[in-house]
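Here are a few short exercises to work through with the model open in your viewer. Try each one yourself before reading its solution.

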Amino acid sequence: MIQTTVITPADIRKAYSDIKQPGGGKLEGVADDAAALTLNVALLGIPSIGRNLLDGEGWRYLNTSRRKSQALLVTESGPLVTSTDDALRVPDDTPFVLRQNGKPIKFSIIPYDKKLKHPGYPDKVKAYFLVVDKATPLDPEQPFNLSFKLGRRFGTNQILNKIEQREFPVAYDFYGWRANFYDVLDTDLHSIDWIRIWLNRWIEVLALVAGLGVLTFALIRQQRTSATSRRLQFFRVAYLIFTLGFIGWTAQGQLTIINITAAVESLRGGGDLSFLLSDPMSTILWLFTGVTLFVWGRATFCGWLCPFGALQELISLIANRIGVHQRRLRAAWDARLKWIKYAILAVILGSILVAPSFSEMAVKVEPFETAISFHFVRDWPYILWAVICLAFGLFLYRGYCRYICPLGAALAAVNFLQRWSWIPRRDACGTPCQSCRHRCEYQAIAPSGQVQYSECFQCLDCVSIYQDDQRCLPLIQERKREHRVIPVQLKVEAR
Ligand code: SF4
Ligand code: SF4
């Protein structure tokens with residue numbers, strides 16, 4: 001993934017051997033064959049490399065900075081990095097030269113001060129993203145040359161004082177390296193475009209498509225799926241475990257508001273949405289969510305396919321089993337608090353336009369990365385926030401989803417696209433029957449009996465109640481009427 005080049009004092013001396021003037025200092029305390037400078041290079045723009053080396057935040061930062069251009073990561077470490085002596089190294093904002101087929105490749109340098117997910121990554125490093133300019137694209141399939149540029153000051157007075165620069169080739173042969181190590185690299189490292197990424201993840205793709213097929217079938221036959229509350233609960237718990245365990249923790253298919261902000265930024269920058277293709281799980285889930293939005297609304301994603309939503313619901317179920325029950329807010333308070341998530345969404349989307357760096361911070365309100373991508377192995381403030389969001393759900397049912405989640409708000413905001421009122425209703429719903437309303441944990445049914453689809457999570461509880469002659473008032477009355485014993489009076493006439 002990373003290739004290393006070491007430049008020793010002997011290499012430097014050799015490179016400057018033609019200079020006869022005094023100057024060009026000596027690195028004290030560094031042996032001739034020791035490392036004066038260690039350079040590490042990685043072709044970050046290849047998703048399987050970039051995603052492996054950077055954490056989620058770093059990967060997003062890179063993608064925001066590069067806007068689909070190729071990018072390299074270069075790190076410098078060793079005594080020459082910290083040197084302030086011009087005779088050893090003259091400071092240079094662009095100490096690299098990149099060429100392909102003999103032509104210079106333009107790039108910009110973006111400092112990156114976070115650690116990498118790479119064993120043995122040194123503590124004291126200077127790291128940069130080299131983001132290739134779209135005007136001179138870099139073809140990662142073809143060999144290219146990267147050189148480190150070292151400048152040293154020579155001479156003893158102002159007239160003779162001059163900077164001499166030398167280039168040191170930095171080894172990076174992605175193409176040859178890929179071919180040599182093809183078999184031992186991690187599974188998708190040899191994917192350099194989205195088709196190969198999809199092929200490499202074909203088992204996960206197949207499992208996800210099969211899972212979505214099962215869900216579609218179950219939702220089309222919603223009355224059968226929820227024919228008894230026992231059957232419904234069995235199916236729902238099993239599916240939520242699949243969502244959390246497979247879609248979330250295994251296949252990393254958590255959709256996030258960052259997908260939306262990245263798409264907005266890409267479109268604003270004149271790009272398109274093809275970057276999404278490098279993540280098959282997200283692509284399939286977004287397509288499915290987009291199509292089902294027209295049929296069942298945002299409920300299908302939020303109710304069945306969001307791993308963090310599933311985690312909250314499973315925790316609530318366990319809590320209920322041990323006697324911890326969630327409270328219901330008064331309708332007025334519930335209605336007020338639901339606006340918080342829209343406000344958060346507005347701040348995130350608005351800040352893309354006026355303060356992009358703030359939007360980078362604001363999206364951290366989502367605890368998905370911590371709970372799903374990093375399996376809770378992260379710095380403690382992130383873990384604390386994820387735990388707070390989950391604990392919130394112990395007091396208010398799926399509290400994070402209903403009141404905070406900006407992704408849920410974005411989906412609810414476009415829920416008007418839903419074309420079908422799929423929850424069956426009777427004239428008696430609302431007047432006089434309030435059975436579904438009181439049992440809807442999401443408080444998505446109004447006193448009138450009308451369903452607020454933008455707040456519905458398709459748990460199917462009300463569909464189950466609708467068919468249940470023990471819980472649905474009109475059915476209870478009908479059952480009672482049918483079983484009512486009509487006294488029969490026998491008249492015996494005297495002859
Ligand atoms: S509201 Fe947010 S956390 Fe909840 S299910 Fe929807 S996207 Fe997931
Ligand atoms: S009970 Fe509430 S959340 Fe569940 S399907 Fe009915 S309206 Fe939607």
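What follows is three exercises on a predicted model, each with a worked solution.

**Exercise 1.** Get a feel for the fold: how many helices and strands are there in the protein, and what share of its residues count as buried?

*Solution.* Start with the secondary structure: the protein has 22 helices and 9 strands. Next, go for burial: 34% of the 495 residues count as buried. Finally, check the contacts with a separation of 6 or more: 72% of them join residues 24 or more positions apart.

**Exercise 2.** Work out which residues are around ligand 1, and which helices supply at least two of them each.

*Solution.* First list the shell: Cys 302, Cys 306, Phe 308, Gly 309, Tyr 400, Cys 401, Cys 405, Leu 407 and Gly 408. Then map it onto the helices: α13 (307-321), α18 (399-404) and α19 (406-413) each bring at least two shell residues. Last, sort by class: 7 are nonpolar, 2 are polar and none is charged.

**Exercise 3.** Find which residues touch the most other members of the largest nonpolar core, then look at the surroundings of ligand 2.

*Solution.* The largest nonpolar core holds 64 residues, and Cys 302, Cys 456 and Cys 462 touch the most other members. Another core, of 37 residues, lies apart from it and includes Leu 39 and Leu 150. Now zoom in on Cys 456: beyond its neighbours within four places in sequence, Cys 456 contacts Gly 297, Ala 299, Tyr 442, Ala 444 and Val 451. Cys 456 turns up again at ligand 2, where the closest of the 13 surrounding residues are Cys 440, Cys 456, Cys 459, Asp 461 and Cys 462. By class, that shell has 11 nonpolar, 1 polar and 1 charged residues.

Technical notes:
Residues numbered from 1 in each chain as written. Chains lettered and ligands numbered in written order. Predicted model: local features only at pLDDT ≥ 70, side-chain atom pairs only at ≥ 80, totals over all residues. Near = placed C-beta within 6 Å. Helix = DSSP H or I, 4+ residues; strand = E, 2+ residues; numbered from the N terminus. Nonpolar A, V, L, I, M, F, W, Y, C, P; charged D, E, K, R; others polar. Buried ≥ 20, exposed ≤ 12 C-beta atoms within 10 Å, placed from the backbone. Contact = placed C-beta atoms within 7 Å. Core = buried A, V, L, I, M, F, W, Y, C linked by C-beta atoms within 7 Å.
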